[in-house]
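Student: I'm new to this one. Could you walk me through how to read it?

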Amino acid sequence: MQKEQNLTGYPSIDKPWLKYYPASAADKEIPAKSAYSFIYDKQKNNQSAIALEYFGVKVSYGKVFAMIERIARSFKKLGVQRGDIVTLALPTMPETVYIFYALNRIGAISNLIDPRLQETEILQSIEETKSKVLVAIDMCFPVVSKLFDKSTIENIVILTPIESLPLPVRLLSAIKNKSEKIANPHILTWKCFLKIGKEYQDTIDVSYRPNMPITIVHTGGTTGVPKGVVLTNENFNTMALTQEISEYDLQSGDSFLTFLPPFYAFCLVNAIHDPMYLGFRNILIPNFDPKDFPSLMVKYKPNHLLAGPILWDFFIKSDLTQDADLSYIKTPISGGDALNIELERDINAFFESHGCRHKVAQGYGMTEVSAAACFSTDASYVPGSVGIPYVKNVISIFDPDTEKELTYNQPGEVCIQTPTMMLEYYNNPTATAEVIRKHANGEVWLHTGDIGRITENGNLFIDGRIKRMIVRNGDKIFPAAVEGIIMSHPAISNCVVVQMPNDTERHVPVAHLILNNGVSAEKVVREVDEIVLKELPAFNLPYRYVIRKDLPLTGANKVDYKVLEEESKQYQNETDRIVTTQEKSQ
């Protein structure tokens, strides 16, 4: 660790988090090579080790590299060249890993989309990227088979989620699920696609170029409008190297549980590329149900994983885990959504009582910085903090109106400088300029749209989204702060605060509560009012409380704030301050 230094008061100058790293860590160079070459060079002498596990089938690093080459030749046979964009509508499975690196090896770019999208949405993504090749899971066949006459698509490859399973399983599935024979010669089964690669004997590797795009992943970004985020080889490789020099206990042969779909940046960067570089055995789950999380943990006992707060809550309350030995967990990471401090305390207590030597490690990031920018280790752990910046990152806080850098513990907009910053929003320079900005002193920062603060030790705290901030009669309310205070009440198992329109105060806070069984809502609300008024200015007091059974979630298992805001509008004209919804959230 580095020595303490005199502080100027400005995080971007002091970089106080560097004290948690070896002195030379920040200067470690990122090799100038493709993501594929990066993992191959690291694991070429480790080819007998297990890289992937899929429904009990184990795939070695040697098999992964062989499949990557075979698939790369098939893409070349289809005419895919450097810079071409190939659209992928796939779940998390071995073939997705092979395809991703095969495209990277030949200099092509993968465009990851959700297989559940409607025809118009898939068509829009293909047209925007001018993709000539689409690779899709078989559930998409009825939709994607109609695209030839409507788009730039020239070839479609269809595969099933059982391609990596033993032959008897594949044959049995084929018998049970008879499908119509594909008559179109431009729609290839996975078997036919692999076969055509044997015909391509020319060189497939392309020379490395700086800032060469590797993938496009889609996000709502800071504006809520869906955009394609262009990530580069440098983004992927910086993240992998950063993990290697972190304080985490990362050993070749460790296991990682991956259940997020590949169209999320975290899955591609942190849950596929990082484990491949580090020599992990990556357990892939293609069709994840949040309620299965405890059983998956009990079955596979992964050393490393990321799960959202909702999943960790399931885990510590599940009957399956009450007597479990959790000493196998090395990095239990919580990310993707805010982890309230009460749940954080409960998770840590559960871990400690079940043999896990580590605290839950919060992280922070966004797709635009290749998913992760901050992480928490045992050495830097502070309750409520999302951790410290990765060693090659600079994070500071700025006044959102003036772009003036703020000092320690002052709340403002979180901004990031990092080698993992996206290249751009695809074909959207206006949106790119809104997020990646040059400040008056010439420095370039990525603006996150989050409100936060940094301490003298370099710990980052997130107080909420700028867009979630509630302005009540001119007073600014940060929902995360109110939620944290409310969650200190022992009878409340969860709380989310959102805004509701109001005729006299513009917007008012509405607290959606999940109460423990058997408690009186009226009594709890009275006590919560007292706590809020004691800890925060009176304008933070919720205007209304909604008692509910659960919270609506997005497809990424995050709280769906937009749904809650829409639901809150129906309570505008209620006379009672406490209302109860009996309907189950979707």
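Tutor: Sure, starting with a term: buried means under 20% relative accessible area, exposed over 50%, and partly exposed in between (1.4 Å probe, protein chains only). Helices (H or I, at least four residues) and strands (E, at least two) are DSSP runs, numbered from the N terminus. This is a predicted model, where local features need pLDDT of at least 70, side-chain atom pairs count only at pLDDT 80 or more, and totals for chains, interfaces and linings use all residues. Residues are numbered from 1 along each chain as its sequence is written, and side-chain values use heavy atoms, with hydrogens and water left out.

Student: Which residues of H9 are buried?

Tutor: They are Asn233, Glu234, Asn235, Phe236, Asn237, Thr238, Met239, Ala240, Leu241, Thr242 and Gln243. That makes 11 of the 12 residues of H9, so the helix is largely enclosed by the rest of the structure.

Student: What do those buried residues pack against?

Tutor: Contact means heavy atoms within 4.5 Å. The buried residues of H9 pack against helices H2 (35–43), H4 (94–105) and H10, plus strands E8 and E9.

Student: How do I read the strands?

Tutor: Strands of a sheet pair through backbone hydrogen bonds, either parallel or antiparallel. Two strands count as paired if DSSP finds at least two bridges between them. Here an open sheet of 8 strands runs in the order E7-E6-E5-E3-E4-E8-E9-E19, with mixed pairing. Its edge strands, E7 (187–189) and E19 (424–425), each pair on one side only.

Student: Which strands does E8 pair with?

Tutor: E4 (residues 109–112) pairs with E8 in the parallel sense over 2 bridges, and Asn111 stands opposite Ile216 in E8. With E9 (residues 227–232), E8 pairs in the antiparallel sense over 6 bridges; there, Thr219 stands opposite Lys227. Because 5 of the 7 residues of E8 (residues 213–219) are buried, this strand is largely enclosed by the rest of the structure.

Student: And cavities? How many of 30 Å³ or more does the structure hold?

Tutor: On a 1 Å grid over the protein atoms alone, a cavity is a set of points where a 1.4 Å probe fits but cannot get out; lining residues have an atom within 4 Å of a point. Grid points are joined across faces, edges and corners, and a volume is the space filled by probe spheres set on the points. The structure holds 3 such cavities, and the largest has a volume of about 50 Å³. Among the residues lining the largest cavity are Phe256, Thr258, Cys267 and Leu306. Strand E10 (255–258) and helix H10 (265–278) are the elements that give two or more residues to that lining.

Notes
1 Å grid on protein atoms, 1.4 Å probe; cavity = no way out; pocket = protein on both sides within 12 Å on 5 of 7 lines; lining within 4 Å.
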